[in-house]
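Please look through the model below. The report that follows takes up one residue, then a helix, then the domains and the ligand.

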Amino acid sequence: MKYPRKLSAGANNTVIVLSDTEVGKLFVGDTRSDIGSEAEKMQFANSVNTLVAKFIRLEFNENIEAEMLVMERIHPIDYRAYEVEIRELWLDVFEDELSALHHAGFVHRDLKRPSNIGGLAFDNILLTQSGLRLIDVGISALKTQVGEKIFEKYIEAENKQITEFGDYFLNR
Ligand SMILES: Nc1ncnc2c1ncn2[C@@H]1O[C@H](COP(=O)(O)OP(=O)(O)O)[C@@H](O)[C@H]1O
Ligand SMILES: [Mg+2]
């Protein structure tokens with residue numbers, strides 16, 4: 001389906017432009033049931049720090065008949081817009097913020113796409129003029145929901161992906 005003002009489509013969802021400051025992530029068909037949980041996980045992360053894009057509201061878009069998660073619009077730039085010394089500083093901040101989310105009981109789980117899915121490997125990590133931001137908490141997990149044991153497994157996997165991302169980010 002072709003949506004007006006489509007910005008980008010990830011592995012599952014299409015995201016459309018609402019204004020210079022807002023985008024809407026569309027939930028249609030199979031993914032519809034996840035919208036409430038995604039909103040909740042976003043709000044949890046937002047309550048810890050500003051790493052994850054800010055949740056704004058849930059809305060039903062009458063024109064395209066789709067449920068929509070409205071959030072802060074991030075304007076990404078290419079990693080190569082900045083020299084490595086600056087990227088190193090941003091990577092430090094990113095790691096600190098992600099670690100704060102982990103300590104609070106939130107794990108993102110989708111920093112890197114599985115290699116069998118097309119597209120960019122780290123397309124949920126966006127670089128802006130003021131550092132790195134995270135989007136797409138679709139498969140994120142809260143410790144209160146999955147329990148200590150599973151949460152720890154997820155953290156272990158995430159820490160490996162953070163290392164891989166650092167390598168990619170600094171060497172691009
Ligand atoms: N807050 C945002 N600001 C700007 N672009 C976004 C935002 N959220 C998502 N996008 C764009 O839309 C794409 C798909 O969104 P995402 O939440 O990653 O969905 P999927 O679950 O399909 O991967 C992203 O890869 C990104 O290009
Ligand atoms: Mg994505």
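L69 is found in strand β5. In this predicted model, is L69 buried or exposed? L69 has 24 other C-beta atoms within 10 Å. The cut-off for a buried residue is 20 or more, so L69 counts as buried. Leaving aside residues up to four places away in sequence, L69 touches G24, K25, F27, I35, E38, A39 and L58. T128 is another matter: L69 and T128 are 59 residues apart in sequence, and their C-alpha atoms are 21 Å apart in space.

**Helix α2**

Helix α2 covers residues 84–104, which makes 21 residues. At 1.5 Å a residue, the helix should span 30 Å. The end C-alpha atoms are 30 Å apart, so the span agrees with the expected value.

Which residues of α2 are buried? They are R87, F94, E97, L98 and L101. Seen down the helix axis, these buried residues fall within an arc of 100°, so they line one face of α2. They pack against α1 (35–48), β6 (106–107), β8 (131–134) and α3 (143–171). The other side of α2 holds exposed residues: E85, E88, L89, D92, D96 and H103. Just after the helix, G105 takes a positive phi of about 105°.

**Two domains**

The protein is divided into domain 1 (6–72) and domain 2 (79–171). Their centres, taken over C-alpha atoms, are separated by 19 Å. Across the boundary, 14 residues of domain 1 are in contact with 18 residues of domain 2. The side of domain 1 that touches domain 2 has eight nonpolar, three polar and three charged residues.

**Ligand 1**

Where does ligand 1 lie with respect to domain 1 and domain 2? Both domains give residues to the shell around ligand 1, so the ligand lies between them. There are 20 residues around ligand 1, and S8, G10, N13, V15 and D136 come nearest. Elements that give two or more residues to this shell are β1 (6–9), β3 (22–27) and β5 (66–72). The largest share, three residues, comes from β1. β5 is also the strand in which L69 is found.

The table sets out the residue classes for the shell and for the domain 1 side of the boundary.

| Group | Nonpolar | Polar | Charged |
|---|---|---|---|
| Shell around ligand 1 | nine residues | six residues | five residues |
| Side of domain 1 that touches domain 2 | eight residues | three residues | three residues |

Key
Residues are numbered from 1 along each chain as its sequence is written. Chains are lettered from A and ligands numbered from 1 in the order in which they are written. This is a predicted model: local features need pLDDT of at least 70, side-chain atom pairs count only at pLDDT 80 or more; totals for chains, interfaces and linings use all residues. A residue is near a molecule or strand if its C-beta atom, placed from the backbone, lies within 6 Å of it. Helices (H or I, at least four residues) and strands (E, at least two) are DSSP runs, numbered from the N terminus. Ala, Val, Leu, Ile, Met, Phe, Trp, Tyr, Cys and Pro count as nonpolar, Asp, Glu, Lys and Arg as charged, and the others, Gly among them, as polar. Domain bounds come from an automatic or database domain assignment. The expected span of a helix is 1.5 Å times one less than its number of residues. A residue is buried if 20 or more other C-beta atoms lie within 10 Å of its own, exposed if 12 or fewer, and partly exposed in between; C-beta atoms are placed from the backbone. The arc is that of the directions from the helix axis to the C-beta atoms. Two residues are in contact if their C-beta atoms, placed from the backbone, lie within 7 Å.
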